[in-house]
Amino acid sequence: MTLIDSNIIIYAAQSEHENLRQWIAEHTPAVSAISYVEVLGYDKLSEAERRHFIAFFEAAPLLPLSQDVLEQAVKLRQVRKMTLGDALIAGTALVHNLTLVTRNVDDFAWIAGLSVFDPFAA
């Protein structure tokens, strides 16, 4: 099973990424509660984009922040400087033993035990 990063959700909404939408439809990846905040919290979303993303999040398996995820994110940030969002998303993938699907592979490649997949490189 997989967990998609916020950037993959945003890329998939762009018309030129039909192949990415197809990949998501075939794999039904989970999403982190952090991606929900990052994507829907973007202040420049149009009303149509907002409706699209709301529909996406209603259909996707949404993984909440748990104490285990929080503790994993703390451990990651103690090892290396990273954004809070990335730490929480990586922590979610680790706790649930999911492959993280992201275009920003280099941001996560250093994390032991985390499987990372870039659908753009496949």
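Student: How many helices and strands are there in the protein?
Tutor: Happy to start there, and keep in mind that this is a predicted model. Read along the sequence, the pattern is β-α-α-β-α-α-β-α-α-β-α-β. Counted by type, the protein has seven helices and five strands.

Student: What radius of gyration does the protein have, and what does the globule rule give for 122 residues?
Tutor: For 122 residues the globule rule gives 14 Å, and the protein comes close to that, so it is as compact as a globular protein of that length. As for the outline, the C-alpha atoms fill a box of roughly 40 × 30 × 20 Å along the principal axes. The radius of gyration itself is 14 Å.

Student: Which share of the contacts joins residues at least 24 apart?
Tutor: The pool here is contacts between residues at least 6 apart in sequence. Within that pool, the share that joins residues at least 24 apart is 57%.

Student: What part of the accessible surface belongs to carbon and sulfur atoms?
Tutor: Let's take burial along with it: of the 122 residues, 39% count as buried. The accessible surface of the protein comes to about 6,900 Å². Of that surface, the part that belongs to carbon and sulfur atoms is 53%.

Student: How far apart are the centres of the positive and negative side chains?
Tutor: The two sets hold 9 positive and 15 negative side chains. The distance between their centres is 5 Å.

Student: Which helix gives the largest share of the largest nonpolar core?
Tutor: That core has 18 residues, and those with the most contacts inside it are L3, M82, A90, L100, F108, I111 and L114. The elements that give two or more residues to the core are helix 5 (67-79) and helix 6 (84-95). The largest share is five residues, and they come from helix 6.

Student: Where does L3 make its contacts, and which residues between 89 and 101 does L3 touch?
Tutor: Good one to follow up, as L3 is among the residues with the most contacts inside the largest core. Leaving aside neighbours within four places in sequence, L3 is in contact with A30, V31, S32 and L63, among others. Further along the chain, its partners include I89, T92, A93, L98, T99, L100 and V101.

Student: How many residues are in the second core?
Tutor: This core is separate from the largest one. Its members include I9, F56, A60 and V101. The number of residues in this second core is 14.

Student: Is W23 buried or exposed?
Tutor: W23 lies in helix 2 (residues 18-27). Not counting residues up to four places away in sequence, W23 touches T2, I4, P29, V101 and F117. Its relative accessible area is 15%, and the cut-off for burial is under 20%, so W23 is buried.

Student: What separates the C-alpha atoms of W23 and P119?
Tutor: Along the chain, these two residues are 96 residues apart. In space, the separation of their C-alpha atoms is 8.3 Å.

Student: What is the phi of T28?
Tutor: Most residues other than glycine have a negative phi. T28 sits in the loop between helix 2 and strand 2 (30-32), and T28 is partly exposed at 46% relative accessible area. T28 is not a glycine, yet its phi is positive, near 45°.

Student: What about N97: is N97 buried or exposed?
Tutor: N97 also has a positive phi, about 55°, although it is not a glycine. Its place is in the loop between helix 6 and strand 4 (99-101). The relative accessibility of N97 is 68%, and exposed means over 50%, so N97 counts as exposed.

Student: How far apart are the C-alpha atoms of K44 and K75?
Tutor: K44 lies in the loop between helix 3 (33-40) and helix 4 (47-59). K44 is exposed, with a relative accessible area of 60%. K44 and K75 are 31 residues apart along the chain, and their C-alpha atoms are separated by 33 Å.

Student: What separates the C-alpha atoms of A59 and A122?
Tutor: A59 has its place in helix 4 and counts as exposed at 64% relative accessibility. Along the chain, A59 and A122 are 63 residues apart. Their C-alpha atoms are separated by 25 Å.

Note on methods:
Residues are numbered from 1 along each chain as its sequence is written. This is a predicted model: local features need pLDDT of at least 70, side-chain atom pairs count only at pLDDT 80 or more; totals for chains, interfaces and linings use all residues. Side-chain values use heavy atoms; hydrogens and water are left out. Helices (H or I, at least four residues) and strands (E, at least two) are DSSP runs, numbered from the N terminus. The radius of gyration is taken over C-alpha atoms; the globule rule is 2.2 Å times the number of residues to the power 0.38. Buried means under 20% relative accessible area, exposed over 50%, partly exposed in between (1.4 Å probe, protein chains only). Contact means heavy atoms within 4.5 Å. Accessible areas come from the Shrake-Rupley method with a 1.4 Å probe; for residues, only the protein chains shown count as cover. Lys and Arg count as positive and Asp and Glu as negative; His and the chain ends are not counted. The place of a charge is taken as NZ of Lys, CZ of Arg, CG of Asp or CD of Glu. A nonpolar core is a set of buried Ala, Val, Leu, Ile, Met, Phe, Trp, Tyr and Cys residues joined through side-chain atoms within 4.5 Å.
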